[in-house]
Amino acid sequence: MVRDIQKAGVLGAGVMGAAIAAHLVNAGIDVVLLDLEIEKGGQKIHLAREAVKAMAKAKPSPIFVNDWLQKIKTGTFSSDLKQLEDCDWVIEVVKEDLTVKHNLFKQIAGHLRADALLTTNTSGIPIAQLSEVLPSDLKPRFCGTHFFNPPRYMKLLEVIAGPETSQDVLSFFEQFGESRLGKGVVFAKDCPNFIANRIGVLAMMGVMQSMLEDKYTIEEVDKLMGPLTGRPKSAVFNTADVVGLDTFAHVSDNLYQAAVDDEMRDQFVLPHPIRAMIEKGYLGRKSGSGFYQKTKGEKSEILTIDLDTLTYRPKQKPNFPAVEVVKNEEDLAERLRKLVALNDRAGTFIWKALSTTLVYAVNRLGEVADDIVNVDRAVRWGFNWEMGPFETWDALGVSATAERLRSEGRPVPALVEKMLEKGVTSFYQSEKGVQRYMDIETLTYTDVPGRPNVLILADYKQGDHRVVKQTPGASLLDLGDGVACLEFHSKMNAIGSDTISMTQYAVKTVEEKFDALVVANQGGNFSAGANLMLLLMEAQEGNFEDINLMIAAFQKATSSLRYCKKPVVVAPYGLTLGGGCEFTLHGDGVEAAAETYMGLVEVGVGLIPAGGGTKEMLLRHVGGAAARGESDLLTPLRRIFETIGMGKVATSAEEARQFGFLKPTDGVTMNGDALVTAAKKRARAMADMGYQPPSVPDNIPVLGEPAYAALKLGLYMMREGGYISEHDAKIGTHLARILTGGALTPGTTMTEQHVLDLEREAFLRLCGERKSLERIHHMLTKGKPLRN
């Protein structure tokens, strides 16, 4: 049957249940959230309603736009089960207790439609046991759908079949999870804690045990097992603090109880000092104290717990001289090989941690999953590792890793021994961009299963005749079907001369040889903005004419996108700041990832947007209001003045739409991995509809001196109130002059070039300000704005 999810019921309004409900709203699904009504202090408390209220204050927010929380209908198990009767899908997220879940299933079974799906978000109770109390006709429609916390941000969704789950239901959740919910879906077997937690928690527990046994500090471990080794910035102990030590202990305890045949079962025994922390209420971020504690006061400080005394001490900076050299190696595989080869405390620890996890992952094949792809994806997506365990085997070398294990008297997994006997020396192969993985039964290679609409540019470029032109900072690719792709690939995708030159080349080439252009990339973020280091060096040398030429070239590049004779679709995601936002604003269309954090943030470094961003916001909002015949132009002017002047950053693509960075007609793609394909489809459709480029505007409204004075008055009042600095007021005055037209007469109009000239003039003046240069330097060295 053809399935669709229009309405879902979420049973349980705890932290996880409420957040799942919010994410379903993000996906455009009607949601009813049910839980108990309890009495406390003589008052009845509606748990679901209270959970929705709490989410309005949650940071990070579980919902794209806070107002959307109103879309969640709430109720109680005792009074509102009828609300489930028109649900397409009901997901259970109550207490991890088999009896509690069984009782709830019995209670709701009669309220479900004959074709409704029922799933559980359990993280450890066997799906087979949970399904025992279900009516026979419901069992084929029941399975596990295990989200990771927080559901909005964590990519992984584990789908686990029960004994009688229909294959159609499993296939549906794979497609629905990827396309509608924006998840990476893996199929796990019905085993203790499934895939990601089984392997990821073992890795974390192993690291904690090694730290205590070999006398490393918490800071040393987080230094070694963070981005240096392809793990998230939160590393081990910050991750534990975020998850919650009580939650972490629950998972590890459950694994110890359930995984009775696991050869490394003892690794799941929580170390005594960590158990003692939990008993003292040191649960991590939720309690304010965990492995780390942030002090309160004017100058907050991050302290670290002493596991011997359970008191907090100042953080200690790790000292690994050899690591400081190796960390600059950008290729992760090469960096890992160099790290494990180090003959010091750092190399010893990293090798022990990695090798333990690698051996364990091989030994879990057949138990947690039947192939390496699901395992690697689960660990990467569930724990934010850059490489899964089998990808890491290949990075370190299967033969070399096996040999080192043997030399240390440690057992080599039987599968690895069998591979080497047969001359198979890697878990993956790649040929012309096609990724293949080793079948664990036949030891032969087969294509890695594709995901709906996912196109990985790094793999795609390996094919024949797909790269039109490439420089160190940018490339022009042929995506097929008459669509080209301008890809940034500099560090942080910062926009420099390479990007500018390639943009102009791309526009010229597309006009001659293609039907449409997509601006997209797949680094960590779309673009963090312009190359500030180059700008700082030029400004410190007083090379203002060179800066003028740089800004003029930037404006020419963004304008070329706007007035290209073929449609241009920009595909932002992640951080899309400063110049990255300006590139986006100049697309004919935008297909943004749902998780796009967009803003014109130049004021944070003492400057104003000068790549056409200020002009585009003025044209889009004040010019748009004038074109609609609206008489009040000061209100949209104030709005964009505030948006740019405060450096507002949207926390989702939908909020970017509210801020005016995205148009009502721009698209949002839930799954960031499918963004390039979605942008290509949009560009192709625009071309097929007979695209006509816009004309260069020469009638941008001038509000002139009265509006300029009103904006300056606002700046004065904020300065007097201590809300902004004197330099902030100076930046704001420059911005106000651009937006109001400078000295032009109110009621007249100005050309686009006039606004661009005002942008460039203000930018150059601010580059000559000492306080602006201090802000740029502070951002480059400290990674955060300076308010001076």
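Visitor: Which residue in S19 does Leu-477 stand opposite?
Guide: Happy to start there, and please keep in mind that this is a predicted model. Strand S18 (residues 474-480) and strand S19 (residues 483-488) pair in the antiparallel sense over 6 bridges. Within that pairing, the residue of S19 opposite Leu-477 is Cys-485.

Visitor: Which strands stand at the edges of the sheet that holds S18 and S19?
Guide: This open sheet has 7 strands in the order S17-S18-S19-S20-S21-S23-S25, with mixed pairing. From one strand to the next, the twist averages 20°. Two strands pair on one side only, and these edge strands are S17 (467-470) and S25 (667-669).

Visitor: What angle does helix H26 make with S23?
Guide: Helix H26 (residues 675-688) packs on the sheet, where S18, S19, S20, S21, S23 and S25 are touched by this helix. Helix H19 (residues 497-513) also lies across strands of the sheet, namely S17, S18, S19 and S20, and runs at about 30° to S18. For H26, the angle between its direction and that of S23 is about 165°.

Visitor: Why is one side of S11 and of S13 left without a neighbour in the sheet?
Guide: These strands belong to an open sheet of 3 strands in the order S11-S12-S13, with antiparallel pairing. S11 (292-294) and S13 (311-314) stand at its edges, so one side of each lacks a neighbour in the sheet: each has a single partner strand.

Visitor: Which residue in S12 is the bridge partner of Lys-294?
Guide: S11 and S12 (residues 302-306) run antiparallel and are joined by 3 bridges. Along this pairing, Tyr-292 stands opposite Thr-304. The bridge partner of Lys-294 is Ile-302.

Visitor: Which residue takes a positive phi in the hairpin of S12 and S13?
Guide: S12 and S13 are antiparallel partners over 4 bridges, and Leu-303 stands opposite Pro-314 in S13. Their hairpin has 4 residues between the strands. The residue with a positive phi, near 55°, is Leu-310.

Visitor: Are the residues on the two faces of S7 buried or exposed?
Guide: In a regular strand, side chains alternate between the two faces of the sheet. In S7 (residues 117-120), Leu-117 and Thr-119 lie on one side, with Leu-118 and Thr-120 on the other. Both faces are covered, and these four residues are all buried.

Visitor: Which residue in S8 is the bridge partner of Leu-118?
Guide: S7 pairs in the parallel sense with S6 (residues 89-92) over 4 bridges, and there Leu-118 is the bridge partner of Val-90. S6, helix H3 (residues 98-108) and S7 make a right-handed β-α-β unit. S7 also runs parallel to S8 (residues 142-147), with 3 bridges joining them. In S8, the partner of Leu-118 is Phe-142.

Visitor: Which helix gives the largest share of the largest nonpolar core?
Guide: That core has 119 residues, and Phe-390 and Phe-427 are among the members that touch the most others. Phe-390 touches residues including Ala-361, Val-362 and Phe-427. The largest share, 11 residues, comes from helix H13 (residues 345-364).

Visitor: Is the crossing of H24 and H28 left-handed or right-handed?
Guide: Helix H24 (residues 634-645) and helix H28 (residues 726-740) pack at an angle of about 145°, with axes 11 Å apart. Residues making the contact include Leu-637 and Phe-641 of H24 and Leu-735 and Leu-739 of H28. The crossing is right-handed.

Technical notes:
Residues are numbered from 1 along each chain as its sequence is written. This is a predicted model: local features need pLDDT of at least 70, side-chain atom pairs count only at pLDDT 80 or more; totals for chains, interfaces and linings use all residues. Side-chain values use heavy atoms; hydrogens and water are left out. A nonpolar core is a set of buried Ala, Val, Leu, Ile, Met, Phe, Trp, Tyr and Cys residues joined through side-chain atoms within 4.5 Å. Buried means under 20% relative accessible area, exposed over 50%, partly exposed in between (1.4 Å probe, protein chains only). Contact means heavy atoms within 4.5 Å. Two strands pair if DSSP finds at least two bridges between them. A crossover is right-handed if, with the strands pointing away from the viewer, the path from the first strand over the helix to the second runs clockwise. Axes are lines fitted to C-alpha atoms, for helices over the stretch in contact, and angles run from 0 to 180 degrees between N-to-C directions. A crossing is left-handed if the near helix is turned anticlockwise from the far one by less than a right angle, and right-handed if clockwise. Lists of a residue's contacts leave out its neighbours within four places in sequence.
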